[in-house]
Amino acid sequence: MILRIIIHVVLLLVLPPLLLGVINKVKSWFGGRVGPPVLQTYYDLIKLMRKGLVLSTTTTWVFCAGPVVSLSTVLLAGLLVPIGIFDAPIAFSGDLILFAYLFGLARFFTTAAALDTGSSFEGMGAAREVTFACLSEPTIFFAFLVLAKVSGSLTLTNMLHGHAGGFSAAVAAPLVLVAIGLFIVLLAETCRIPVDDPNTHLELTMIHEVMVLDHSGPLLGIIQYAASIKLFVIGAVLLHIIAPFATDMIWLNWPLFIAELLGLAALIGVVESVMARLQMAHVPYLLTTALLLCGFGFLLMVR
Amino acid sequence: MFSIWMLLAASAVLCLSGLPGCLLSSRSLSGQRTTTALMVIGSLMGLGAVVMSLGEATTPSLRMPWFLPWGQFAVSMDSLSIVFLVPVFVVPALGAIYGLGYWKQPEHPQNGRRLGLSYGVLAGAMALVAVARDGVFFLMAWEVMALAAYFAATAEEDNPDVRRAGWVYLIATHVGTLCLIAMFALWNHETSSFALEAAQAMPSAVAGTIFVLALIGFGFKMGLMPLHVWLPGAHANAPSHVSAVMSGVMLKMGVYGLVRMTSLLAVPSDWWGAVLLAVGGITGVAGIAFAIGQQDIKRLLAYSSIENIGIITVGLGLAMLGRSHGRPDWVILGLGGALFHVWNHGLFKSLLFFSAGAIIHAAHTRDIDRLGGLAKLMPRVMGLFLVGAVAICALPPLNGFASEWLIYIGLFRTLGLGGEAGLPTTAVAAIALAMIGALAVACFVKLLGAVFLGSPRGVATARAHDPPATMIAPMIVLAVACACVGLFPMLVSVLLDNASRTWAGLPASAGSIAMAAPLGWITALGLALILLVALILLAMKTVLRSKVTGKASTWDCGYVQSSARIQYTGSSFGQTLVGLFAFVLWPKTYWRALRGVFPRTARFKSNVPDTVLDRLVMPLFHLAGRHLPRLRVVQQGWTHLYMLYILIVVILLLIWGGLGAQT
């Protein structure tokens, strides 16, 4: 029990930057390049934590609170999500709502920190972030409704383990729709192509990267670290639906989960390589698609 | 028994609190101080009465005949009343203290005394509304409350905007009262008494009519869409502490009326709950969408009140469905969450209106797009505003989250989990709540960012500073209350349980919030979150101190000199969302583009007027104003003629009555 929680926390703290490394490696292969080492994100983070930082004269304490609050919230959210077949360290009836609202809290403070700089670019990014969340948040709740109905429970752990023995045929169709919808939300929330491009340097077309233009040094490091944890957390949720596999040897399930998660990262890398970023005006269509998919999943479930 | 007398005394003290001030000079600060002291004393007495009544074995009530031919004097303080009495005794007193700094009588000799008087009457009348147990007495208290609010809100009557908002409010509130009069008449017809006591089963059509009349009549006061027309204008134009009381407490009296009437009616039909859920969802989403489009800080807050009323209505709808389907857990979670949100909204909305008042006090403008960069000039107000904003977005660990969480759990339970019967379509309301939550974050980040962050956009704000202690202290009280209630919801859950059981007539064994939702985890995780943030901050502090290599201006893409006007304004921040919701918001834009070789100055203006008021109600009134004057032929200003009309009508009625008797 204790050991399980320790492994959970260690994975939550250590593994996330690796996912970004895998995504970048896959993208490089698709582009015919060797690419940065898989561990590059770790090196980046260490370098950033050592660097000095420049603060804008316009900013207040809110500017520093943004990264700090977003790291705290994703860590707490990470403790609510079960990893593989193992239960989450914290599970209680109604934790799914806390899970969703923790991301809301992170959004509140990251966008406030962006506005704190007084830059119009960062204002644009913040506006886009809160706008797109208005579509992705209902999508997540549709997905939760479906999962709660499937599992008959209101704790994330039970909801996501509700079909650990495999899908029953009756719920396959709604779950497929929900899985696609959640995958789109995953791409949007973690700022990947086709919604956002983490590599671009054109301020006008970005969401997340443009919000953090003025963060530097350790603050930027925290932001990137928090972003990778967010990818880990939402990915862990999604894996329960698309790959609910388990082996009989209990301890083998940890490596299995890690392998699945790296596979998901590779999949994101493939999506990023074969797709172009959408026009900003078209992003709402994509998110509405996700909303509709999850909504129809819900309809199929309760019909 | 003593507690009810004490409560009536408290109400009397509140009602009369403005009188001593009227005897003193219109420029005297001591008059205002006396008024405030009486407000505080009256409120403390009221809170004392509430606490005492909790200890009493029976519900304290009082009933005696009076001089009027209808109804009687009947008051009672059951657990439902108590829930609504608490905000009445908290917010107005804090507002009065706040007013000592915000609306100093020597600076407002024309209206200071009048404001003090009507403000006290408003608070006292609200206390009576919450305890009245007779239709006639209730209507009287209701009308006094409505009129007192009118006089308090139109303190600055020399401003035409204020007068217009006052007119709209007066008309709207009386249309609502008309519905209530019809409702009580019908009630009297069915139960042959005006007494507000649980009725025997009545024909479902009659009960349904009473419900609809209550929904419309009280809906005007609550600000349910599309009956909200009076609300934004009245809240925006009233003095800020009056806005706080109106939004934080008076709207809730509408909620109280609806809750009370639905508790008196026998088991409700299915469609009542469905109607409430639909109306609540629409009110919530449309309210917050309108809020995003506003440029006036107080109008924005007013629209967000409409949104919160929507959330409360969703909770009430869930409870109603629970009653008609015999599901006590839905009742406990739905009504418990709704009543909890009534309190919470009273706390954080008052805090936000107080902050708005402090901003207006310092910067002399309500226009969000002219403000900016106030965080450095008013750090305390900024911190307190941030607490209110996080709370109203229902974000953990503050109180807004706790109440919405209960409603969410209730809605998820309607899915029919683990083999129990359910009503899954109800759960769609959770999607509306999720959307409201995301929109609220957008709305309040916009407000926070445009007002407090970035650099100042105008010269008006240059001399802004934190307000005096009389204004800050009430805000601190409210902020602390937001945090306490949010972190320790178990402190209040028993009161809410009692109220929910009273409402639905459930036995004590029917369950409680604490059984249906693990409140302890909210406390634990809220504290954990705060601890985690504090730890990371602590760790960062040394880093930040040693690593800051320099200060520079914000990255501006290489422009040599950027200007404050280049910043993203509140309007631009909300533009995409306003566009997405254009089908309800109908934003107005005025754009004169550059044209020709020697163009005139280009101009761009955009605003979001109230769709219902400005595009439906006002045109209708103008139409009526154009065509109805033809009816003036019957109105010759000749008293004899009017008496003749009365005679004719009475004779006609007599004939009609006679015909009815024969058949």
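The largest nonpolar core, a core being a set of buried Ala, Val, Leu, Ile, Met, Phe, Trp, Tyr and Cys residues joined through C-beta atoms within 7 Å, has 346 residues, and those with the most contacts inside it are B:M126, B:V129, B:M145 and B:A430. Helix α17 (residues 428-452) of chain B gives the most to this core, with 22 residues. The core also draws at least three residues from each of domain 1 (1-189 + 223-266) and domain 2 (271-539 + 568-596) of chain B. For B:V129, once its neighbours within four places in sequence are left aside, the contacts (C-beta atoms, placed from the backbone, within 7 Å) are with B:F138, B:A141, B:W142, B:M145, B:M253 and B:Y256.

This is a predicted model, in which local features need pLDDT of at least 70 and side-chain atom pairs count only at pLDDT 80 or more, while totals for chains, interfaces and linings use all residues. Residues are numbered from 1 along each chain as its sequence is written, and chains are lettered from A and ligands numbered from 1 in the order in which they are written.

Chain B is divided into domain 1 (1-189 + 223-266), domain 2 (271-539 + 568-596) and domain 3 (611-656), with bounds that come from an automatic or database domain assignment. The C-alpha centres of domain 1 and domain 2 of chain B lie 24 Å apart, and 36 residues of domain 1 of chain B are in contact with 45 residues of domain 2 of chain B. On the side of domain 1 of chain B that touches domain 2 of chain B, α4 (79-102), α9 and α10 (240-264) of chain B each supply at least two residues, and the largest share, 14 residues, comes from α10(B). The residues of that side of domain 1 of chain B divide into 22 nonpolar, twelve polar and two charged, where Ala, Val, Leu, Ile, Met, Phe, Trp, Tyr, Cys and Pro count as nonpolar, Asp, Glu, Lys and Arg as charged, and the others, Gly among them, as polar.

Chain A has twelve helices and one strand, these being DSSP runs numbered from the N terminus (helices H or I, at least four residues; strands E, at least two). From the N terminus on, the elements of chain A run α-α-α-β-α-α-α-α-α-α-α-α-α. The radius of gyration of chain A, 19 Å, is close to the 19 Å that the globule rule gives for 303 residues, so chain A is as compact as a globular protein of that length; the radius is taken over C-alpha atoms, and the rule is 2.2 Å times the number of residues to the power 0.38. Along its principal axes the C-alpha trace of chain A spans about 55 × 40 × 40 Å. Buried residues make up 61% of the 303 residues in chain A, a residue being buried if 20 or more other C-beta atoms, placed from the backbone, lie within 10 Å of its own. Among contacts in chain A between residues at least 6 apart in sequence, 78% join residues at least 24 apart.

Most residues other than glycine have a negative phi, and most peptide bonds are trans. The table lists departures from this pattern.

| Residue | Backbone value | Place |
|---|---|---|
| B:P226 | cis bond from B:M225, omega near 0° | loop between α8 (204-222) and α9 (231-237) of chain B |
| B:P397 | cis bond from B:P396, omega near 5° | loop between α15 (379-392) and α16 (399-413) of chain B |
| A:C191 | positive phi of about 60° | loop between α8 (169-189) and α9 (208-211) of chain A |
| B:A394 | positive phi of about 60° | loop between α15 and α16 of chain B |

A:C191 is buried, with 20 other C-beta atoms within 10 Å, and B:A394 is buried, with 31 other C-beta atoms within 10 Å.

Technical notes:
Buried ≥ 20, exposed ≤ 12 C-beta atoms within 10 Å, placed from the backbone. Contact = placed C-beta atoms within 7 Å.
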